[in-house]
Amino acid sequence: MATKILLAALLGSCVTAQTPPSFEFPSLITTTYLNVSYPAFTNAIVPGQLLDLASVRANPAPTISFPAAASDPSTIYTLIMIDPDARLPNGTARQVLHWLQGNITSQTPFVLNNASATAIYRPPGPPPEVPTRAHRYIQLLFAKPLVVPEAFSAAIQARIGFDVESFVAAADLGEVVAANYYLARNDSLVSNGTSSAGGNQSTTLPANIATDATPLAWSTIVLGIVSIILMGGML
């Protein structure tokens, strides 16, 4: 009986959020995966993957795919990309808007005309810091057309100081239908690899980042454990 309870708990852990752990915007959490890929990387981004900053910056806007979009041609989507881990010189945390693309038609991959975006795609640019911090770059997809509230025009133009939760509410974008995020950091001032992750997380990250590193998903680990249990006849 205890083993069955453990198994249920392990299987339940496979359903994980595609937004970051301890995400500070509870209204924007989703468990639906958004496919985000860059030409420099062979595979689509795994949520939480640490990407080589130079490789990401050398690429144009990423390709965004959401297979469910093909099932309803009438749906219009909006995409937002933010960095919630920027700081002012005095240390005050501020969000940075990296991309705001509205009125995306239902096809996959999406055809995104960056030149016509409300806020054109801006690649990651975390500043050099000691200790270095990995910033989170979060992509959020909404199944509604974009109508920009006039009160946010200045914030969109400024980029820094953007408030994604307030904007989503004011623009009536509804719930996030899919999301993804990756990490990037600026190692130019350090070489020992000691770093902190974005938000409230702390970790030690490797000094050398593979340009196509795909971390092992927790769901894979969990399913492996379940297989071992089943083979051992413990159920």
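Helices (H or I, at least four residues) and strands (E, at least two) are DSSP runs, numbered from the N terminus. This is a predicted model, in which local features need pLDDT of at least 70, side-chain atom pairs count only at pLDDT 80 or more, and totals for chains, interfaces and linings use all residues. Residues are numbered from 1 along each chain as its sequence is written, and side-chain values use heavy atoms, with hydrogens and water left out.

**Backbone**

Most residues other than glycine have a negative phi, and most peptide bonds are trans. The table lists exceptions.

| Site | Value | Place |
|---|---|---|
| Asn103 | phi about 55 degrees | strand E5 |
| Asp172 | phi about 55 degrees | loop between helix H4 (164-170) and strand E8 (176-184) |
| Val130 and Pro131 | cis peptide bond, omega about -5 degrees | Pro131: loop between strand E5 (93-104) and strand E6 (132-133) |

**Nonpolar cores**

A nonpolar core is a set of buried Ala, Val, Leu, Ile, Met, Phe, Trp, Tyr and Cys residues joined through side-chain atoms within 4.5 Å; buried means under 20% relative accessible area (1.4 Å probe, protein chains only). The largest such core has 26 residues, and Leu28, Ile80, Val164 and Phe167 have the most contacts inside it. At least two residues of this core come from each of strand E4 (77-87), E5, strand E7 (135-142), H4 and E8. E8 gives the largest share, four residues.

Contact means heavy atoms within 4.5 Å. Leaving out residues up to four places away in sequence, Ile80 touches several residues, among them Leu97, Trp99, Ile138, Phe142, Val164, Phe167 and Leu173. A second, separate core of 24 residues includes Val36, Ile45, Ile64 and Trp99.

Definitions and conventions. Buried < 20%, exposed > 50% of the residue type's maximum accessible area, 1.4 Å probe, protein only.
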